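The following paragraphs lead through a single protein chain, moving from its surface to its interior and then to its loops. The reader is invited to keep the structure in view throughout.

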Amino acid sequence: MTGTGVAKFKIKEIEMNHLEERFFNFVKKLGRFNKRSMFGGVGLFTDDAMFSLVTEGRLYVRGGGEVDNTFEKLGCERFKHVKKTTIATVNYFDVSDLFEKNSALLMEIIQETMENSRLEREFKKSKENRRLRDLPNMQLTLERMVKKAGVPDVSSFFEIGAVDVFKKVNTTYGGDVDVKLLWKFAGAESGVHWTLLQEPMKRALLQQV
């Protein structure tokens, strides 16, 4: 990289950091939130429910319900998480331009999104309203596999934990289970799609198997 290229890169990096700081200060007006590493960027959480993402110099806010219609009318595009061989489109919308042009409207949307995220999280944490297949990444096939392995319900799933559930399933099916199931169980336990799991977390999970 030439001297000019390095200088442009540093300027861009400074601009990205400034954008993040401005956005974080903007969101603080709506209440307290936590930050975690997600998608190679930073995820914003309220009451352990993710509602926003900042990555590669772009700002994203979670959709859901009527918020989806609002974002689509505004022309906001969904976030695409690029993997080595696949592209996962996630229900988070690019609000970078909206942040610069109409922050008042964005404030209203984020407020609604935060509330939706909290309510959804509370519902997901309510064991009596869930079946195993209702957890993120799970479906009827996985529910049957998990039950066959001796994990009968959601309460048991959370008490045992993703790693030990995977061990049980792996043992039940003769040690020939795709490791991707471990990511799916971990995502189900954390309340996120398995593609959101970062490599350090995956490595830590593998070390426990």
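Leu206 counts as partly exposed, because its relative accessibility is 43%, a value between the limits of 20% for buried and 50% for exposed residues. The model in which this value is computed is a predicted one. Leu206 belongs to helix H9, which spans residues 199-208. On the surface, Leu206 joins Val179 and Val209 in a nonpolar patch, and the three residues together have about 230 Å² of accessible area.

The chain as a whole provides the setting for this patch. Nine helices and six strands are present in the protein chain. Of its 209 residues, 42% are buried. The accessible surface amounts to about 12,100 Å², and carbon and sulfur atoms account for 48% of that surface. Among contacts with a separation of 6 or more, 51% join residues 24 or more positions apart.

The interior may be considered next. In soluble globular proteins, nonpolar side chains tend to be buried together. Here the largest nonpolar core comprises 36 residues, and those with the most contacts inside it are Leu53, Met138, Val146, Phe157, Val169, Leu181 and Phe185. At least two residues of this core come from each of strand S3 (49-55), strand S6 (87-94) and helices H5, H6, H7 and H8. H8 supplies the largest share, six residues. A second core, separate from this one, has 24 residues, including Phe24, Phe26, Leu44 and Val95.

How is H8 itself placed with respect to solvent, mostly covered or mostly open? Eight of the eleven residues of H8 are buried, and the helix is thus mostly covered. The buried residues of H8 are Leu181, Leu182, Trp183, Lys184, Phe185, Ala186, Gly187 and Ala188. Among the elements that cover them are H5, H6, H7 and H9. Immediately after H8, Gly191 adopts a positive phi of about 80°.

Helix H5 (residues 140-148) has Leu142, Glu143, Met145 and Val146 as buried residues. Viewed along the axis of H5, these buried residues fall within an arc of 165°, and therefore they line one face of the helix. The face turned away from that buried side carries Thr141, Arg144 and Lys148, which are exposed. Cover for the buried residues of H5 includes helix H6 (154-160), helix H7 (162-172) and helix H8 (180-190). After H5 comes Gly150, with a positive phi near 100°.

Met138, one of the core residues with the most contacts, shows how this region is connected. Apart from neighbours within four places in sequence, Met138 is in contact with Leu132, Arg133, Glu143, Val146, Phe157, Phe185 and Ala188. Of these partners, Glu143 and Val146 are buried residues of H5, while Phe185 and Ala188 are buried residues of H8.

Another buried position is found in helix H4 (residues 103-125), which contains Thr113. Thr113 counts as buried because its relative accessibility is 2%. When residues up to four places away in sequence are not counted, Thr113 touches Phe51, Val61, Arg62 and Val67.

The strands and loops complete the picture. Asp47 lies in the loop between strand S2 (41-46) and S3. Although Asp47 is not a glycine, its phi is positive, near 50°. Asp47 is classed as exposed because its relative accessible area is 55%. Beyond S3, the loop leading to strand S4 (58-62) contains Glu56. Glu56, likewise a residue other than glycine, has a positive phi of about 50°. With a relative accessible area of 73%, Glu56 is therefore exposed.

Finally, Gln198 is located in the loop between H8 and H9. Which residues does Gln198 contact, leaving aside its neighbours within four places in sequence? They are Ser37, Met38, Phe39 and Gly40. Gln198 and Phe39 are 159 residues apart along the chain, yet their C-alpha atoms are separated by 7.0 Å. Gln198 is partly exposed, because its relative accessible area is 23%.

Notes:
Residues numbered from 1 in each chain as written. Predicted model: local features only at pLDDT ≥ 70, side-chain atom pairs only at ≥ 80, totals over all residues. Heavy atoms only, no water. Buried < 20%, exposed > 50% of the residue type's maximum accessible area, 1.4 Å probe, protein only. Helix = DSSP H or I, 4+ residues; strand = E, 2+ residues; numbered from the N terminus. Arc of directions from axis to C-beta. Contact = heavy atoms within 4.5 Å. Areas by Shrake-Rupley, 256 points an atom, 1.4 Å probe, with all protein chains shown as cover. Patch = residues over 30% accessible without salt bridge, like charges linked within 9 Å, V, L, I, M, F, W, Y side chains within 5 Å. Salt bridge = Lys/Arg side-chain N within 4 Å of Asp/Glu carboxyl O. Core = buried A, V, L, I, M, F, W, Y, C linked by side-chain atoms within 4.5 Å.
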